[in-house]
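Thanks for making time this morning. I would like to walk through one model with you, strand by strand at the start, and then move outwards to a few individual residues.

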Amino acid sequence: MQPKQRILNAPVYQPGKPIDDVKREYGLTEVIKLASNENPYGSSPKAKEAIAAQLDNLAIYPDGASLSLRWDLAEFLGVKPAQLIFGNGSDENLLMISRAYLSEGTNTVMASPTFSQYRSNAIIEGAELIEVPLKNGVHDLDAMAAAINEQTRVVWVCNPNNPSGTIVTTAELESFLKKVPQNVLVVLDEAYYEYVVDPEYPQTVPMLADYPNLIILRTFSKIYGLATLRVGYGIASEELVSQLEHVREPFNTGTLGQVAARAALHDQDFVKNCRERNREGMKQFTDAFEEWGLDYYPSQTNFILVNLNRDSDEVFKKLLSQGIIIRSGNALGHPGYQRITIGTPEQNEKVLSVLKDIVTGALK
């Protein structure tokens, strides 16, 4: 069999290590997974009730247009229903954008390190990669704007950025958008939008009126706690959405995902509570890191990237032996660092206890 050669150059995505694997490998009965930026508080009870109400309908294909969710989400966001496109998680939205606009002879601009799927999709489509290093963990938007040329078709801005957790501000983003040619698509990946508390973070939906070359990506996988159901969405001009619909797979979001997302959307008290508890958990980590003199990036997400000044993979393995799964910075372009999802207060304390033993040398 002879696949396209370039797909073999695209890295295979490496998710966080599964809990059951760690239990088997280390003979453990309890494992804390803080590797994949999942919501430790689960999902809204309303979403669970909506799923249960659909269990007799599993033999019926889902609504391919996600109409009920589309109408509710459009009203919630203050946009037209035709300005929304839904995907099997944000990952599929990224794939659709790459498939629609990237090809051999074109290029795409992104930060480095950032979310790995921008890079992988571009490689698969045969586009040239222009990667601009982060500046103090933040997108260097001036350098990214300067890197755009006549072959550029897509620019990716992950805000907040994964894995650093940092943001670009309203002023920085507006200055950048003014520099980007109108025929270059700007993708604002806002997967962690609902976790942000910084007042300098841009509210981007109103910007669509001035920048028709803009698409905003969000998801129900993070704060809404519906990661297993895979519902992501894009917000853009009607024309841009119409173009992307040509590469969207039929029935790409399932009925359970649609009804759960719709119910979760109507439970903003749950979202608010998760955001507040996340900031409290974040403070548990930052207080400890300050006390221990460790460098970390200020995060507006539900994870934090910290420099333990040790080999990332070795720290990762030590934590695994204690029943804790995080992400090694080696896999994320940040050697020496660890990315830790914010958990419950009890989970956070357990992680910090083990990290303290590593930092002080008590855990060899």
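Let me begin in the middle of a sheet, where strand β7 and strand β8 (residues 232-235) run antiparallel and are joined by four bridges. Before going on, I should say that this is a predicted model, in which local features need pLDDT of at least 70 and side-chain atom pairs count only at pLDDT 80 or more, while totals for chains, interfaces and linings use all residues. Residues are numbered from 1 along each chain as its sequence is written, and side-chain values use heavy atoms, with hydrogens and water left out. As for terms, helices (H or I, at least four residues) and strands (E, at least two) are DSSP runs numbered from the N terminus, and two strands pair if DSSP finds at least two bridges between them.

Within the pairing of β7 and β8, Leu217 stands opposite Gly234 in β8. Strand β6 (residues 185-189) also pairs with β7, in this case in the parallel sense and over four bridges, with Ile216 in β7 as the bridge partner of Leu188.

How many of the residues of β7 are buried? Six of the six residues in this strand, 214-219, are buried, where buried means under 20% relative accessible area, exposed means over 50%, and partly exposed lies in between, using a 1.4 Å probe and protein chains only. In a regular strand the side chains alternate between the two faces of the sheet. In β7 both faces are covered, with Leu214, Ile216 and Arg218 buried on one side and Ile215, Leu217 and Thr219 buried on the other.

Stepping back, the open sheet has seven strands in the order β2-β8-β7-β6-β5-β3-β4, and the pairing is mixed. The edges are β2 (84-87) and β4 (128-133), and each has a single partner strand, so one side of each is left without a neighbour in the sheet. On average, neighbouring strands of this sheet are turned by 20° against each other, direction ignored; here axes are lines fitted to C-alpha atoms, for helices over the stretch in contact, and angles run from 0 to 180 degrees between N-to-C directions. Helix α4 (residues 89-101) packs on the sheet, touching β2, β5 (152-158), β6, β7 and β8, and its direction makes about 115° with that of β2. Helix α5 (residues 116-125) packs on the sheet as well, touching β3 (107-112), β4, β5 and β6, with its direction at about 160° to that of β4.

Now to the loop between β7 and β8, which is the place of Lys222. An unreviewed UniProt entry lists Lys222 for "modified residue: N6-(pyridoxal phosphate)lysine", and I would add that UniProt positions are given in the numbering used here, feature names are shortened, and annotations may be inferred rather than shown by experiment. Is Lys222 buried or exposed in this model? Lys222 is buried, because its relative accessible area is 16%. Leaving aside its neighbours within four places in sequence, Lys222 is in contact (heavy atoms within 4.5 Å) with Ser36, Asn37, Asn39, Ala191, Tyr192 and Tyr195.

Two of those names come up again at Thr301, in the loop between β9 (295-296) and β10 (303-307): among the contacts of Thr301, again leaving aside neighbours within four places in sequence, are Tyr192 and Tyr195, together with Asn278 and Arg279. Thr301 is buried, with a relative accessible area of 0%.

Finally, there is an open sheet of four strands, in the order β9-β10-β13-β12 and with antiparallel pairing. Here β9 and β12 (327-328) stand at the edges with a single partner strand each, so one side of each is left without a neighbour in the sheet. β12 and β13 pair over two bridges in the antiparallel sense, and Arg327 stands opposite Arg339 in β13. Helix α10 (residues 268-292) lies across β9, β10 and β13, running at about 10° to β10, whereas helix α11 (residues 312-321) lies across β12 and β13, at about 40° to β13.
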